[in-house]
Structure formats: structure tokens, C-alpha cells
Amino acid sequence: MFKIDYKMKVKLIKQLDFKLIAIVLLILGFGLVMITSATHLNSGGSFAKIYKQLIAFILGVGIVMIILCFDYNTIGKHYKALYLISLILLVSVLLPGLGLESRGASRWIKLGPITLQTSEIAKFTFIMSYAKILEGHRGKLNNLKEIVPVVMYAVPFLGLIIAQPDLGTALVFICIVGAMLFVSGLNTKIIKRCIVIAVIISPLLYLIMADHQKVRIEAFLNPEDITLKGNYQVMQSLIAIGSGGITGKGIYNGTQNQENFLPINDSDFIFAVVGEELGAIGMLVLIGLYVLMLFRLIYISGEAKDFYGTLIVIGVFGMLFYQIVQNISMTIAVLPVTGITLPLVSAGASSVLTSLANIGLALNVYMRRKKINF
């Protein structure tokens, strides 16, 4: 029995998508180099964030290995428990004494020396549970009677995240849900109507936004006013990217970055560091790696042996796609500033662990895309 299990493990390992693994490692390596620049390691800066990033990477690899040990269908059988765990994680940050408030938002819990952003973990559990909920609705989402129940499963998540408040993460969840619904065969007429309705009610949504969220919208609409929160960061980001030109100023030579003009340069605005020091070429290389990763996820979703696997990978795709587009767009003033980090590149343990864990799900689906016979 042990011998057969060993042979099975070897065959499964051979089925891994090594192309996706290579792309992810290249992005992680790229990010690590940029963090050394953003934290001024070249001029006596602290190693703390580098160590933290490396530890997150090692832990992330460990999590991926654990995920790969279990068939995603076996995990999916416990989707109700995963759904409940997701809600508990999001509720926990709102509990007095457990939730940690910072800059007017309660998004973290503190467990001894560890600070966790629970919504990051909830992305993983939500994708696993929501994919199972949608699995049986393929091709049936043609009317409100079918659509409303499956959408309602996602409403509590959005409500709890908005209550933190964290509109940026709420949009990530909306993108995950939207991608899954689209692949499940959501009627295109309904999609068009939803877009029209969203545009019509957007002024009403503005009225119920938190004050700091309203300021960000106002800042986006009035980019010349640097007294509005977020505009100073964006202006410095544009200066950094613009001054980088085609080839950049060279690694560790970016003045906006090295002289601390660029705020939050190791996380939210790390793409501006790339633009200043590596220029348009560096930005295109990074974007190219992201495009390869996203296309690889689409390929894996099509290779899945069942629709549940397809939905899982599409959920991961939706999450990463939105975060990449949102982060890069806000650094070049195309979208309002949010706290969305650049996946696998920005400094931040929670972000790295979440990205790797979800990529681990995609690897799990691909690894088990066909039945292994002995």
C-alpha cells in the first residue's frame, strides 16, 4: 500500500504546472529586488521587511505543499464549513478586544506577535466554498429566480467587508463573484442590465460611503488638488514613473524612491519604484510576467477535469486580475487610490501568503486534471 501511495505522489508531482511555478517565482524574485530598493537596503536600510517577505514566501510554499496533498474535491466536500469559517474570519475583526483598528478601519486581528488581515484568508475559503455553491448552476443563470439565490450567498461577505470599512477588498470579492458567475453562463443581457443599474445608482452609493472613501473619490476627480488625501502619493508616483523614461535610472538610483518623496513605496506604490528605476522596459517586463501568469490560469481552468475545478481557478484569476489592474492603475492615476497591493511584488506577509495559497489551488486543479491509473 505504501509503495502505491508513493508512486501516486510521484505521478502527481510530475503533473504539476511547472510553467506557472516558474512564472510565479520570477515575479516573487522581481518583487524582492524592488523591496530591497524601496526599503533602502543599499544605503543602510533595515532588513526587517526583507526577512518578513522571505518568511512569508517560505510559509507560503509550505501552505502550497499542504494544499497539494489533498484533492480539491475532498476539500470541496466541506464547503459549508469553509463558508462559515469565511464569515467568522470577517466578523472577528469587528469584535472589541480582538479586532485591531488602524487609520479608521478594523481589518486586522492581533494574535500575540502576529497581525492578520482576515479578509485575505477569507478570499481562499470563499473561493473554495462559492465555487461548490455555483457548480450545480452551470447554464441555469438565465433569470432572477436562479440568479438571486446564488448572489445572496455572497452578500454577507460584501456587507461585512464594507463594514470594516474596506471598499477595495469588497471590489476584489465582487470581481471573484463576477468572474465565477460569467463562466457559469450568466445571461449576457442580465450582465448589461447590471452595468447600467450600477452606473445609475453610483451617486447613491457615494452618499453611503465612509468619509475617507468619499475623499478618495473627490481626490480622483480633482487630481490637481494635493491637499486631498491620495493625490500627493499619486503625483509623486507619476513623477517617479515619468522620470524613469524608457530604461530607468538604474536599480537603487531612483531619487523619488531613495529620497523618500514617494510614500508607501514598498507596498501600495511599488510599481512606481519599478517605473523610476527600471523604466518602461522594467514595467513591461513585470506586466508581461503577470499576463503570462493570468493566461496560464485561464489555460488551467480549461484543463480542469470538472466544473468545480474550473470555477476555483477562475475565482483565483478574478482575484489576481483585479488586484493587478487596480494597483497599477492607481499608480498612474487611472483609478482612485485604494489599499490594494500588487500581488507577489508588494511587501506584506498576508498578501504574499494569500496569493501563494490561491495559486496553490490552481496547481492542485491542474495536477489532478486527469485520472492516474496504475
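This short talk walks through a few residues of the structure above, together with its nonpolar core and one surface patch.

Please keep in mind that this is a predicted model, in which local features need pLDDT of at least 70 and side-chain atom pairs count only at pLDDT 80 or more, while totals for chains, interfaces and linings use all residues. Residues are numbered from 1 along each chain as its sequence is written, and side-chain values use heavy atoms, with hydrogens and water left out.

Let me begin with Thr39, which sits in the loop between α2 (18-38) and α3 (48-68); helices here are DSSP runs of H or I with at least four residues, strands are runs of E with at least two, and both are numbered from the N terminus. Thr39 counts as buried because its relative accessibility is 14%, where buried means under 20% relative accessible area, exposed over 50%, and partly exposed in between, with a 1.4 Å probe and protein chains only. Beyond its neighbours within four places in sequence, Thr39 is in contact with Gly45, Ser46, Lys49, Ile50 and Asp266, contact being heavy atoms within 4.5 Å. A polar atom of the Thr39 side chain also lies 3.5 Å from the backbone oxygen of Thr36.

That brings us to Asp266, found in the loop between α13 (255-258) and α14 (270-303). Asp266 is buried, with a relative accessible area of 8%, and not counting residues up to four places away in sequence it touches Ile35, Ala38, Thr39, Lys49, Ser346 and Ala347. Which residue shares a side-chain polar contact of 2.3 Å with Asp266? The partner is Lys49, and by polar contact I mean a pair of N or O atoms within 3.5 Å; within protein, one must be able to donate a hydrogen and the other to accept it, and residues adjacent in sequence count only if both atoms are side-chain atoms.

The loop between α13 and α14 also holds Asn260 and Ile264. Most residues other than glycine have a negative phi, yet phi of Asn260 is near 65°, a positive value, and phi of Ile264 is near 45°, again positive. Asn260 is exposed, with a relative accessible area of 56%, whereas Ile264, at 34%, counts as partly exposed.

Next comes Arg368, in the segment after α16 (349-367). Is Arg368 buried or exposed? Arg368 is buried, since its relative accessible area is 8%. Leaving aside neighbours within four places in sequence, its contacts are Leu12, Leu68, Cys69, Phe70, Asp71, Tyr72 and Lys305, and a polar atom of the Arg368 side chain lies 2.9 Å from the backbone oxygen of Leu68.

Turning to the nonpolar core, the largest one has 93 residues, of which Ile27, Tyr130, Leu286, Met293, Leu297 and Ile312 touch the most other members; such a core is a set of buried Ala, Val, Leu, Ile, Met, Phe, Trp, Tyr and Cys residues joined through side-chain atoms within 4.5 Å. Ile312 touches Tyr72, Ile127, Met128, Ala131, Leu361 and Val365, with residues up to four places away in sequence not counted.

I will finish with Val196, which lies in helix α10 (residues 188-207) and, at 47% relative accessibility, counts as partly exposed.
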